[in-house]
Structure formats: structure tokens, C-alpha cells
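Biologist: Could you walk me through this one, starting with how its strands are paired?

Modeller: Gladly, let's look at it together.

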Amino acid sequence: MKRTLCMSLAVLWCAVAVMAIGLDSGLAASKDVLEKAKKEGAVVWYTTMPGKARKEIKKVFEKKYPIKLEVFQAGSHDIAGRYLSELAAKRVKVDCIHITDMVFPLDMMDKGNLLKYESPEFAAYAGLAKGWVYPGYIYPLRVLPIASLVNTKKVDWKAIKSYKDMLVPKFKSLIAGGDVGTSTRAYLNYYGLRMKYGTGWYKKLAELDSKYYESSEKAMSNCLSGEWPILFEAWLYTDYQTRVQKKAPLHSVITQEGCVVMPTPNTIMKQAPHPNAAKVLQDFLYSKQVQELLGKSIGVHSGRKDVSGPPEMPALKDIKVIDVDFRDAQAKRKELVAEWRKIASR
Amino acid sequence: MELQTTERWELNLPLLLMWTAALVATFLVLYPLLYLIYGSFRTSLPGDPGALTLSNYFAVFSSHKIGESIFNTLILMASVTALACPAGVVLVWLTTRSDMPFRRQLEILNIFPFLLSPYVTGVAWTMLLSPRSGLINKFLVGTLGLSQPPFDIFSISGTIWVLFFYYTPYMCLFISAAFKAMDPSMEEAARTCGSSLFRTSWRVTVPLATPAILSGSILIFVHVAGMFGVPAALMQPKGDYVLTTTIVHFIQVYPQQYGSAAAISMFLMMVSALGIFIQRRVMAGKSYVTVTGKAYRPRSIKLGKWRYVALGTNLLYLFLSIVLPYGTLLMVSFLRYWSGEVSAELFTLSNYTEVLLGDEAIVRSIKNSLFVSIIGSFICLVITMLVAYLVNRTKVRGRGFFDYVTTLPVGIPGMVIAVGLLWAWIRSPILVYGTIWIIMIAFITRYVPYGMRAFSNTLVQLGPELEESARICGSSWFGSFRKILIPLLKPGFLSGWILLFILFMRELSTALVLWYSGNEVIAVQLYQLVRDGELSVVAALSIVDALIMITGIIAFRLIFKEDISAGLKR
């Protein structure tokens, strides 16, 4: 009995010791990274993050860490082009890149241009869809469902339950969407709907004299003004920013077919001039604090299990997702864009 | 005028200055341009492993709707030039050569439409002339009981309409100095011989201002080809493309096909070179000297009963170009959002508090814009003044080359020249990438043609005998330059400075590619707000931006005690 007790105590002591060592080494690693990051003094972030969230992130980060966060905001393609130009000139200034696209990060990962870093925060992102996560490199910083947006003063949004419900004569010349040739969101929606309906849905849409925009912001403005009151593909968070925050007469519609969802990762570049500060930023961006902030300030969904969706918006778990294979979508992009141009006469 | 003097240092120093300026201007233009040309023949980005190829050109000229894009571009170029240039000439003539009432005030007001970015003006016009939600269409359909809205801004004619109001003041700024510097004795002689007012204007005044009118027309013609924002917003929704919106198909995809975008730019660059070639051919062997050693007193031409018709015409132009779009923006800037309707429930001041107090980056961008615009435009003017002198007043070999080279950037769309600038300056041994200086360099490079045209116009009109007389009387080159030429060039210099100040304040395409955290300018902030979908905040910032420029112009007048394009008093 005494021996058993002694053995149990010894095992318990060993277990506690192992846990303590493990915890200590984990803390030491973060402390070490943080110390090095402080010495680096700054971190450079290229991002497509909208203004309100971007400013709050910068403010909270710089308050929390003695590290300057230098932010460059532009469109996805501008950021990709800038990084590749820096890379070709061997003068990379950027540490972390967050763009609204999955193809560029995947391509950079394949080409060995991403720095591997397993943030402790990534544990909270377990169980996400296949193709959204590439351990050590790619986790969704924002999860962006693509829904339809309807001007409620002009159109009864409740009457639209399916994409097919839009294809009626009374909606002739009232529908608009993004240009599939230049908008990644519009292209992924085309790819997803094409899997559901073939090209038939878009052919019928073309017969209804639909309009196409090169920028989703202009499309949203014209939807709100009533010029084209049905925007058949838009970011779901637009609904939060207009209806919920501004009380504007818009409402999103997630049809019974479900919707395409785009995860948008933040990645650390291999050539990062401030790799430790980049890791600190990565931990920060994927933390519960920032993920909740993104939901409340701009209405985006989080991939974290412990963060609920933005207020007054459907939860991510309740949204039926149309699966998209991002690599396949990119491989077929040229061919499918040409196909769409023919259908839409563009 | 040939620079010859017995004192060798006097001979060399002016020439040295001019040559230095010419070489600096050539370097600024050719450095990014050569990267673009090189890039148009590469399979990859300059610096990356790759090979030389013609495939970019094949890709462009076999691309979808390229024929239609070229056709639409030419229609746009020809229509806007054909409308804006005569309108500009008429407005300038009325405000500088006639006795139209309020001409001094109207001269300033006529250039106000130029203060707003054409893209923002386009947004304002969509609020007025969109078929379903445009205020004017709704008003006309409601009051006249029309079955269809009479106007559709989403068309090529809508695009021409918006660009017409943008380029007319551009023409005014460009030619007003030439009209003011003109000796009226020739017009008076024609009038004395019985020529009617309009015949005199058509046969005497306009031909005398040919260099400026031709330069302005060519710049507008070529510049329209590089317009992106307005055609993208107004033509693209219905599937109509121009060359710049076609370029986007090559840039706004991943991986980007910069080579193909550069290949289209080569086409636009050739149009630009052709324009300057035509200008030189038309002007070759002709004299446009109107300012000579003979004293003259500028006098206004009496319009008689036509005075009030002229005033009405000018006011109508101002109503359409300022009151309607600015008024709409002002109204929207006080709304929570634009829904095609105005209601008291939507009233808010929050857009202005966000612009003025909400973000330190906006305040920083205002300071950066003022710094780059005031200093950069001055540097640009000094360089181009010296190069224009070298081109127009000396007989040195290669002056024609400098004239061509410094005009090339005008034909290249901003988004493409920005890529050339990025490729060039990112690998430059001078570490300017990521600083405010690269923004300034980019702006100077982009707007060198404007400084050149402004000075060339004025120099062509100034006879050399004034300087020659001073030199005969013993004045040095610097002396005659300072005492004779600078006072005569002053109106052109000051109007050029204001023109460049406005252009620098508004420049977006290059700033967007080259800005960096801490050196953002107002145009970048505006763009980010547009991206964020904040149309009401965009309206508020546009109004603030326009007010800053108006304040700048007024301050400029107070400091220099000079009209924007002064000279009438001389």
C-alpha cells in the first residue's frame, strides 16, 4: 500500500514535472519570440482588410505590444503584384500578407515563399472544411460567405428562396453581379453555381439583361440606390455593414442551394524582414480578441470554434456551403472565364 | 536664339543647366519606360528568370473584344477632344478677350470642375442620370409623365458627357496664358478693316493661339485614352470596353500578365508619339510670335448686345459642371447612405467627423499631399522650363528628341506607368522605394509633359528680339533671362504651377502602387474609402479635398498677387 502510494506520488510528480517543463518551454518560446520581435521593432502587413477593422487592429496591436504595425492596404491583385515585384528585385519589405483570395497563398506555399509557423491560436480552428487549412501555413483569418443582396424597398427579398427564383421576367434588367473575368469572388461563385446548374443559370441570367461590375463596392452602391436592386453575388458582410449598422434597406439572401464560402488566410512570407514580429502579429490576428473584433466591427465570420458570428447574422454552422476546390478552380480559370464571357457577351 | 558669348563660363553655365534638366527629365521618363518596354517582351517579371517573347503582343491582339476596345477608345478620344477643346477656347476667349460681365470671377470658377477627380464626378453624375435612380431622370419621368427615363449615364455617351466637363477646364488652364499674352493690335486691325467680331475671332485670335490650342487638344486626345475610372464605372456594367478597361483583364487576375498590359501601353505610347509628331508637323515653319519688343496694351473686345448671351452661356456651363455634381455630392455627404432618395431621417454629420477627426492617417495624408504637390510641382516646373527653353530657343542637336521623350508619359495609362515606376525604382541604388520621395518622383515623371507643353506654348509666342536687345545692351544670358524672360513667362509658370498642383493633389494611379505606410496621400485615402463602400464618406472627403484645393488657389493668388493664369493686366 505504502509502496503503491509512493509509486503513485512519483508518477504524479513526474507528470506534473513534464507538464511544467512543457508549459515552461512553450512560454519560453513565446517569450523568446516576443523579445526578438521587440528588437525588430516593427512588422509590415499588406492587407485587403477594410478600413474600420484595419484601424482598430493597428490600435489594439500597438497598445498591446511595443511593436509598430505598418499597414499597406490595397486590392488583392495590387498586393500580390507588389510582393512579386519586391521579390524579383530582392527587396522584400513585407512580413505578412492577407488578401481576399486563396489562390495566391496556395501558390506561394507551393513555391516555398511562406514561412512555416504553427501559432498556438491555430488549435482553435480545428475541424474546418478540407482545403481551408494547410497546417503551419494557411488558416482562415476571415471566412467570407458569398450571398445575394436585395434592395428591400424595390424587391420582396423573402420571395427569393432559390437562385432559380431570380430568373423571372419581372426582374429583367434589375440584376447585377461582379465581372467574372476580374473579380475572384464573382469567379468562385460562377464556379460553384456552374457545378450546381451547369451553365444554364448564367445563360438565363444573360437573357434578363443582367449587368456586371468590376468592383463590388460600386455594385453595392447601385443596389442600395435601387438602380439594380438585386445583386446576385456579394459578400455576406455587406449586409451587416449596411442593414445592421446603417439601417439601410438591404437584406442578404442565402438561397436553399447554399453559398460559396471563401476563407482568406494571413500568411508570413519567407523573406520577412521581421520574422519574429510577424509571428507575434500572426498570434494576435488569430486570437479570440481580434476574431470577435472583426465580427463586431465589419461583420465577418470567424473560423474559430469559440467565436460566434456577427450579431444579427446567420451563424457559420447554419450556412450550407457549396464546396469549392480552390486549386481546381484556379486551374480551370482561364477556360471558365472565356466560357462566361461568351455567355454574358462580354 | 543661340547661346553665344565671349565669356566662356556664361556660354556654358546656362547650357549646362538646360542639359542637366533635359537629362534628368529624360532619365525620369525613360527609366520606367524602358522597364515597361522590356517587360512587354518578357515571359516573366523583370528580374525573375524568364525569356524574351512576342507572346504578350499576340495575347493582346488576339484577346477578347480588342477591336471593340480600340474602336470605343478612339470614339471617346475624338468625341471628348472635339467637344472640350472648342468649349475651352470659347470660355477662355470670353473671360480673357471680351468684356463679358463678371469675367474675372468666371475665369476662376470655370476651372473648378477640374478640382474634383473625374471618378468622383462620374459617381455624382450616376446619382443624377442613372436610368432608374437618377434624380434628374426621376424628376423628368415624374413631371413630364415619360414612359422611359430620357438619360442613361451607363453608356459611351454618358462617359463622354462626364469627361467633357472634366477636360473643358483642363483646356482653359492650358490656353488661357497664351490668350492673355496675345497682342490685341492684330484683332483691332481686323476689326478696323470691317471684319465682324466672330470672323475676327475665327480668322485672327484662334490662329494666333494655335500652338496652345493644338498642344492642349493633343494632350486631351491622348490623355482620354489613358482614362480608367470613368469608363470602368459607366461603360463596363453593360459590357462596353476601352483599352484601359481591357488592360485590367491582364492585371486584375492572378498571376498578373504585366507583359500584356505593357504591350497595350506600347500602342497607347505610339498614339502619344504620333500626336506630338502631328503637332510638330502642323507648326513647322510657321511663326506664332505675338509678343514682341513693340509695346502693347491688352484691351477687351466689345461684345455689345452679345454680352449677356455670353454670360448666360458661361453660367449654364457652370450650372452643369459645378452646381449639379458638386451640389449632389454636398447633399450626399450629409446622408447616412445614398438610396436614390433624400430624406431628413438620413441626415448626419458623421461623414465629416470621420473625415476630419476619425483617422490620423487622413490628416497625415493631407499633409503629405500638400508637401508633394507644392514642392514636387515646383521642381517639375523648373525642370520643364529649362527643357522647354532648350527645345524652343536653342538649335542644339537632340532638342526634338527631348520634346518627344518628355511627352511620352501622357499616353500611358496611370496604372501601367505605375508598374514601370515600381519595377524601376524598387531596384534603384538610390533607396527611395517606400519613402515619400518615390511618390514625388512618380508624380513628376507622370506630369513632365504638362509642364513642357505649358512652357513651350508660351515660348513659341514670345519673340526673341526682347532678349536679343538686352544682350546687345550688355546684359548676360542670366540677366536677360531674369529681367526679360522670367517676367514674360511668369503667367505661364504660375498657371502651370497651379495646374500641376491640382494634378499632383489628385493623382491616384501611381500613388496607389507606390505608397507606403506613413506616406499615403489624399487620393489613396479616397480610394480606400471607395473600396470600403462608404459613398457618403467619399462625398464628404471629396468636398473637403476640393475646399483644400480652392484654399490653395486663393492662397496662391494672395501670396503671388497674381491671377491663376494672369496676364490681362500686363
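Modeller: This is a predicted model, and a good place to begin is E5(A), which pairs with E6(A) in the parallel sense over 3 bridges.

Biologist: Thanks! Which residue of E6(A) does A:Gly178 stand opposite?

Modeller: E5(A) covers residues 175-178, and E6(A) runs parallel to E5(A). Within that pairing, the residue of E6(A) opposite A:Gly178 is A:Tyr213.

Biologist: And on the E7(A) side, what is the bridge partner of A:Ile175?

Modeller: E5(A) is also joined to E7(A), residues 230-235, by 2 bridges, and these two strands run parallel. The partner of A:Ile175 in E7(A) is A:Ile230.

Biologist: Let's move to H6(A). Where do its buried residues fall, seen down the axis of the helix?

Modeller: The buried residues of H6(A), a helix spanning residues 200-207, are A:Trp201, A:Tyr202 and A:Leu205. Seen down the axis, they fall within an arc of 95°, so they line one face of the helix. An α-helix has 3.6 residues a turn, so residues three or four places apart point the same way. For the buried residues of H6(A), then, the place is one face, within an arc of 95°.

Biologist: What do those buried residues of H6(A) pack against?

Modeller: The buried set consists of A:Trp201, A:Tyr202 and A:Leu205. After the helix comes A:Asp209, with a positive phi near 60°. As for the packing partners of the buried residues, they are E5, H5 (184-197) and H12 (333-344) of chain A.

Biologist: Now E9(A), please. Is that strand largely enclosed or open, and why?

Modeller: On one side, A:Cys259, A:Val261, A:Pro263, A:Pro265 and A:Thr267 are buried, and on the other so are A:Val260, A:Met262, A:Thr264, A:Asn266 and A:Ile268. Both faces are therefore covered, and 10 of the 10 residues of E9(A), residues 259-268, are buried, so the rest of the structure leaves the strand largely enclosed.

Biologist: Which strand pairs with E9(A) in the parallel sense?

Modeller: E3(A), residues 96-98, is antiparallel to E9(A), with 3 bridges, and there A:His98 has A:Asn266 as its partner. E4(A), residues 140-151, is antiparallel to E9(A) as well, with 5 bridges, and A:Val143 is partnered by A:Pro263. A further pairing puts A:Val260 with A:Ile322. That one, parallel and made over 2 bridges, is with E10(A).

Biologist: How far apart are the centres of the two domains of chain A?

Modeller: Domain 1 takes in 36-142 + 264-313, and domain 2 takes in 144-261 + 320-344. Their contact involves 18 residues from domain 1 and 12 residues from domain 2, and the domain 1 side has 9 nonpolar, 6 polar and 3 charged residues. Taken over C-alpha atoms, the centres are separated by 27 Å.

Biologist: Turning to the partner chain, which element gives the largest share of the side of chain A that touches chain B?

Modeller: The contact between the chains takes 44 residues from chain A and 44 residues from chain B. Elements giving two or more residues on the chain A side include H2 (51-64), E2 (68-73), H4 (103-110) and H7 (216-225). That side holds 17 nonpolar, 11 polar and 16 charged residues. The largest share, 9 residues, comes from H3(A).

Biologist: One residue there caught my eye. Is A:Lys68 buried or partly exposed?

Modeller: A:Lys68 lies in E2 of chain A. Beyond four places in sequence, A:Lys68 has contacts with A:Gly41, A:Ala42 and A:Glu62. There are 17 other C-beta atoms within 10 Å, and a buried residue needs 20 or more. A:Lys68 is therefore partly exposed.

Biologist: Lastly, where in chain A is confidence lowest?

Modeller: The mean pLDDT of chain A is 89, and 92% of the residues score at least 70. Over residues 16-29, though, pLDDT stays under 50, and the model has 0 contacts there beyond four places in sequence. Where pLDDT is low, the predicted coordinates should not be read in detail. While E3(A) has the highest confidence, at 98, the lowest, at a mean of 62, is in helix H1 (residues 2-40).

Terms used
Residues are numbered from 1 along each chain as its sequence is written. Chains are lettered from A and ligands numbered from 1 in the order in which they are written. This is a predicted model: local features need pLDDT of at least 70, side-chain atom pairs count only at pLDDT 80 or more; totals for chains, interfaces and linings use all residues. A residue is buried if 20 or more other C-beta atoms lie within 10 Å of its own, exposed if 12 or fewer, and partly exposed in between; C-beta atoms are placed from the backbone. Helices (H or I, at least four residues) and strands (E, at least two) are DSSP runs, numbered from the N terminus. Two strands pair if DSSP finds at least two bridges between them. Two residues are in contact if their C-beta atoms, placed from the backbone, lie within 7 Å. Ala, Val, Leu, Ile, Met, Phe, Trp, Tyr, Cys and Pro count as nonpolar, Asp, Glu, Lys and Arg as charged, and the others, Gly among them, as polar. pLDDT is the predictor's confidence in each residue, from 0 to 100. The arc is that of the directions from the helix axis to the C-beta atoms. Domain bounds come from an automatic or database domain assignment.
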